[in-house]
Amino acid sequence: MAERIDHPCVQHKLAIIRDTETGHKRFRELATEITMFICYEALKNVRTKQVTVQTPLAEAPCRKIDTDLVVVPILRAGIGMLDGILELVPTARVGFVGLYRDETTKQPVTYYERFPPQIRGGTCIVIDPMLATGGSTVAAIDRLKEGGADSIVVVCIVTCPEGIERVEAAHPDVTIYAAAIDERLDDNKYIVPGLGDAGDRLFGTSH
Ligand code: PRP
Ligand code: URA
């Protein structure tokens, strides 16, 4: 299942981050800001427990998050979303999966993996700005499930129907949250209209 976050604040920022005139400094800031909004929505079903809090006046029935949160950026571009989610849930743990998409085959190649043990029993939030063919996201979820994770959501900035279908087919239990579900992939498997190469725009490595 995929859910698009249609809030005007998100859509306004999306319009700016897509703009080819937006430089890497502003691109990074916007990635952080958009991520906060999407993650806020993505965590709406996270497990909570009832607690009683003593206010200066009386006891108040309250709820607190009752699961270990593990944020998993897909390297490298996922790093651009990490500050945003940690702003929202500062006590979250962070695991890493290093994947790049081979330029010729478009298949994901894994080069790094380091997860905290709390992926087992906790809630994992996979972050990557672009979910294009879905190959990288499926590979990241595969790695997490092999490590024992069974509660996983995906947060991206832009995706497309092809990528959503691939993730749904491989992992029907995983919900994808995105600011945009774009039309299609081009011949290079880039999302159109998309926002270009997210890693290059985040880190200033484009020509
Ligand atoms: C981009 C992006 C995703 C992947 C999406 O990363 O950040 O990880 O491509 O494509 P897919 O859905 O077709 O797998 P890239 O491979 O460019 O690596 P980078 O993050 O190091 O720039
Ligand atoms: N990776 C990107 O950075 N952008 C796309 O559109 C597809 C893959």
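This is a short talk about two ligands and the residues around them in a predicted model.

Hi everyone, thanks for coming. Please keep in mind throughout that we are looking at a predicted model. I'll start with ligand 1, move on to ligand 2, and finish with some backbone geometry.

So, ligand 1. How many residues surround it? There are 14, and the closest are Arg101, Asp128, Ala132, Thr133 and Ser136. If you sort that shell by class, you get six nonpolar, five polar and three charged residues.

Let's go through some polar contacts. One oxygen atom of ligand 1 is 2.4 Å from an N or O atom in the side chain of Asp128. Thr133 also uses its side chain, with a polar atom 2.5 Å from an oxygen atom of ligand 1. Ala132 takes part through its backbone instead, where a polar atom is 2.8 Å from a ligand 1 oxygen. As for the surface of the ligand, ligand 1 taken alone exposes 500 Å², and the protein buries 89% of that.

Where does ligand 1 sit in the fold? The space it takes up is the largest pocket. Three elements each give two or more residues to its shell: strand S6, residues 96–101; strand S9, residues 130–131; and helix H4, residues 135–146.

Let me stay with Asp128 for a moment. You'll find it in the loop between strand S8, which covers 123–127, and S9. Is Asp128 buried or exposed? Its relative accessibility is 11%, so it counts as buried, the cut-off being under 20%. Asp128 also has a neighbour from further along the chain: Cys156 is 28 residues away in sequence, but the two C-alpha atoms are 5.2 Å apart in space.

While we are in this part of the model, have a look at Thr159. It belongs to strand S11, residues 158–159. Thr159 has 0% relative accessibility, and therefore counts as buried. What does its side chain reach? The partner is the backbone oxygen of Leu131, at 2.9 Å. Leu131 falls within S9, the strand that spans 130–131, so that is a link to one of the elements around ligand 1.

Now for ligand 2. This one also sits in the largest pocket. Around it are Arg101, Met130, Ala132, Lys189, Tyr190, Ile191, Gly196, Asp197 and Ala198. You may recognise two of those names, since Arg101 and Ala132 are listed for ligand 1 as well. By class, the shell of ligand 2 has five nonpolar residues, one polar and three charged.

The polar contacts I'd point out here involve the protein backbone. A polar backbone atom of Ile191 is 2.8 Å from an oxygen atom of ligand 2. Ala198 offers a polar backbone atom too, at 2.9 Å from a ligand 2 oxygen. With Gly196, the ligand atom is a nitrogen, 2.9 Å from a polar backbone atom of that residue. Ligand 2 on its own exposes 240 Å², of which the protein buries 87%.

On to the backbone. Most residues other than glycine have a negative phi, and most peptide bonds are trans. Here are some spots that go the other way.

Which residues does a cis peptide bond join, with omega about 0°? They are Val192 and Pro193. Pro193 is in the loop between strand S15, residues 191–192, and helix H6, residues 198–203. Another cis bond runs from Leu75 to Arg76, with omega near 5°. Arg76 has its place in the loop between strand S4 (69–75) and helix H3 (82–88).

Then there is phi. Lys189, which we met in the shell of ligand 2, has a positive phi of about 65° without being a glycine. Lys189 lies in the loop between strand S14, residues 184–185, and S15, and at 30% relative accessibility it counts as partly exposed. Lys106 also has a positive phi of about 65° and is not a glycine either. Its loop is the one between S6 and strand S7, residues 108–114. Lys106 is buried, with a relative accessible area of 18%.

One last residue: Gly199, in helix H6. Gly199 is at 5% relative accessibility, so it counts as buried. From Gly199 to Thr137 is 62 residues in sequence and 15 Å in space, C-alpha to C-alpha.

That's my tour. Thanks for listening!

Conventions: Residues numbered from 1 in each chain as written. Chains lettered and ligands numbered in written order. Predicted model: local features only at pLDDT ≥ 70, side-chain atom pairs only at ≥ 80, totals over all residues. Heavy atoms only, no water. Near = heavy atom within 4 Å. Polar contact = N/O pair within 3.5 Å; in protein donor to acceptor, adjacent residues only side chain to side chain. Areas by Shrake-Rupley, 256 points an atom, 1.4 Å probe, with all protein chains shown as cover. 1 Å grid on protein atoms, 1.4 Å probe; cavity = no way out; pocket = protein on both sides within 12 Å on 5 of 7 lines; lining within 4 Å. Sits in = over half its atoms within 2 Å of the grid points. Helix = DSSP H or I, 4+ residues; strand = E, 2+ residues; numbered from the N terminus. Nonpolar A, V, L, I, M, F, W, Y, C, P; charged D, E, K, R; others polar. Buried < 20%, exposed > 50% of the residue type's maximum accessible area, 1.4 Å probe, protein only.
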